[in-house]
Amino acid sequence: NHAPLFAEARGDIAVSFEFFPPKTDTMAETLWRSIETLAPLNPRFVSVTYGAGGSTRERTHATVERIVKETDLTPAAHLTCVGATRDEIDAVAKDYWDVGVRHIVALRGDPPEVGQAYRPHPGGYANAAELVAGLKAVAPFEISVAAYPEVHPDSDCPESDLDNLLRKIDAGADRAITQFFFSADCFLRFRDRVAAIRPGIEIVPGILPVTNVATTRRFAGQCGAAIPDWLDRLFEGLDELPAARQLVAATIAGELCGQLYAGGVRHFHFYTLNRAELAYAICHLLGVRA
Ligand code: FAD
């Protein structure tokens with residue numbers, strides 16, 4: 001049987017898309033064009049990240065609010081514990097609730113300097129589990145949290161990382177979205193381990209279509225995701241050929257999604273980096289159509 005893995009997909013797939021708040025007018029134009037392109041695929045939600053150290057608090061809020069006002073999409077606002085007291089974070093969450101946002105992606109965030117140990121802000125939430133509990137006390141938000149199939153770098157072992165995820169679920173999280181990864185087996189094993197302990201909790205794979213391995217490797221070092229050697233090989237010699245890189249990226253991510261689909265996955269979360277083409281193409285392969 002030479003049919004591609006995703007040829008079995010039958011319109012039973014849900015997707016969500018992640019964006020970051022734009023810094024400039026040009027970046028804003030790119031983002032809004034991407035949102036317009038992806039909106040007809042009817043995503044379950046679209047999420048907007050929160051810059052390191054809370055640096056994009058206003059821009060994240062403005063982007064989420066514009067999605068509420070100008071589209072029919074369901075927004076999810078990312079929020080971290082970094083650099084703010086509990087009261088300040090609760091106030092941000094309350095503002096979201098007041099403008100109609102019902103879904104928060106609750107995260108701890110990273111220390112301001114790479115390589116340093118994480119230190120909670122005095123009077124702040126110490127970790128994502130505490131943040132989830134705090135948000136639930138503000139309003140009955142739907143809450144997504146982060147999960148790490150390849151284990152978060154701050155964890156001493158997979159068991160303690162899993163315990164941390166369970167604490168977030170027990171605090172009220174509705175689903176976990178994973179860090180990106182390149183091994184379907186690794187994700188499926190992780191999903192099954194969680195399901196054996198907390199059946200019914202959705203573990204949604206975070207899919208990063210990679211077009212530039214060097215950039216991805218720099219980023220992956222900080223977040224507990226391994227970059228396999230074969231990824232380097234597949235992009236060798238393509239530095240000056242962006243169109244070829246796009247095709248390779250779509251093929252790799254499409255195949256990963258096909259393997260996940262075969263393993264029973266029916267919700268895919270795409271790290272779009274504010275570009276629509278790759279996510280759109282992969283959704284199309286998966287049978288997600290306008
Ligand atoms: P936590 O779940 O709090 O855990 C972090 C680590 O600390 C884990 O290893 C955990 O095991 C350990 N830990 C926590 N509490 C305890 C405890 N009580 N005892 C022992 N160990 C403990 N970052 C941003 O800045 N902005 C974003 O918008 C953003 N979006 C993201 C979206 C997704 C889907 C993902 C996967 C990550 C995102 N991140 C974002 C990155 C995230 O902030 C970092 O990975 C951060 O280092 C950990 O956040 P967390 O919410 O997973 O932390």
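This report describes the overall dimensions, the ligand shell and three helix pairs of a predicted model.

Residue numbers start from 1 along each chain as its sequence is written. Because the model is predicted, local features need pLDDT of at least 70 and side-chain atom pairs count only at pLDDT 80 or more, while totals for chains, interfaces and linings use all residues.

**Overall dimensions**

The protein chain contains ten helices and eight strands; these are DSSP runs numbered from the N terminus, with helices being H or I of at least four residues and strands E of at least two. Along the principal axes, the C-alpha atoms of the protein chain fill a box of roughly 55 × 45 × 35 Å. The radius of gyration of the protein chain is 18 Å, which agrees with the value near 19 Å for a compact globule of 290 residues. This radius is taken over C-alpha atoms, and the globule rule is 2.2 Å times the number of residues to the power 0.38.

**Ligand shell**

The ligand is surrounded by 24 residues, of which T49, H78, R108, N127 and A146 come nearest. A residue is counted as near a molecule if its C-beta atom, placed from the backbone, lies within 6 Å of it. Two or more shell residues come from each of strand 3 (75-80), strand 4 (103-107), helix 5 (158-170) and strand 6 (175-180). Helix 5 gives the most, with four residues. By class, the shell has eight nonpolar, eleven polar and five charged residues. Here Ala, Val, Leu, Ile, Met, Phe, Trp, Tyr, Cys and Pro count as nonpolar, Asp, Glu, Lys and Arg as charged, and the others, Gly among them, as polar.

**Helix packing**

The table gives the geometry of three helix pairs. Axes are lines fitted to C-alpha atoms over the stretch in contact, and angles run from 0 to 180 degrees between N-to-C directions.

| Helix pair | Angle | Axis separation |
|---|---|---|
| Helix 9 (242-262) and helix 10 (277-285) | about 45° | 9 Å |
| Helix 2 (57-70) and helix 3 (86-99) | about 15° | 11 Å |
| Helix 4 (128-138) and helix 5 | about 5° | 8 Å |

Helix 9 is therefore oblique to helix 10; angles under 35 degrees count as roughly parallel, over 145 as roughly antiparallel, 65 to 115 as roughly perpendicular and the rest as oblique. Their crossing is right-handed, meaning that the near helix is turned clockwise from the far one by less than a right angle. Q246, A249, A250, A253, G254 and C257 of helix 9 meet E277, L278, A281, I282 and L285 of helix 10, with contact requiring C-beta atoms, placed from the backbone, within 7 Å. This contact comprises eight nonpolar, two polar and one charged residues.

Helix 2 is roughly parallel to helix 3 and passes helix 3 in a right-handed crossing. R57, H61, V64, E65 and V68 of helix 2 meet V92, D95, Y96 and V99 of helix 3, a set of five nonpolar, one polar and three charged residues.

Helix 4 and helix 5 are likewise roughly parallel to each other. A128, A129 and V132 of helix 4 contact N164, R167 and K168 of helix 5, giving three nonpolar, one polar and two charged residues.

Terms used
Two residues are in contact if their C-beta atoms, placed from the backbone, lie within 7 Å.
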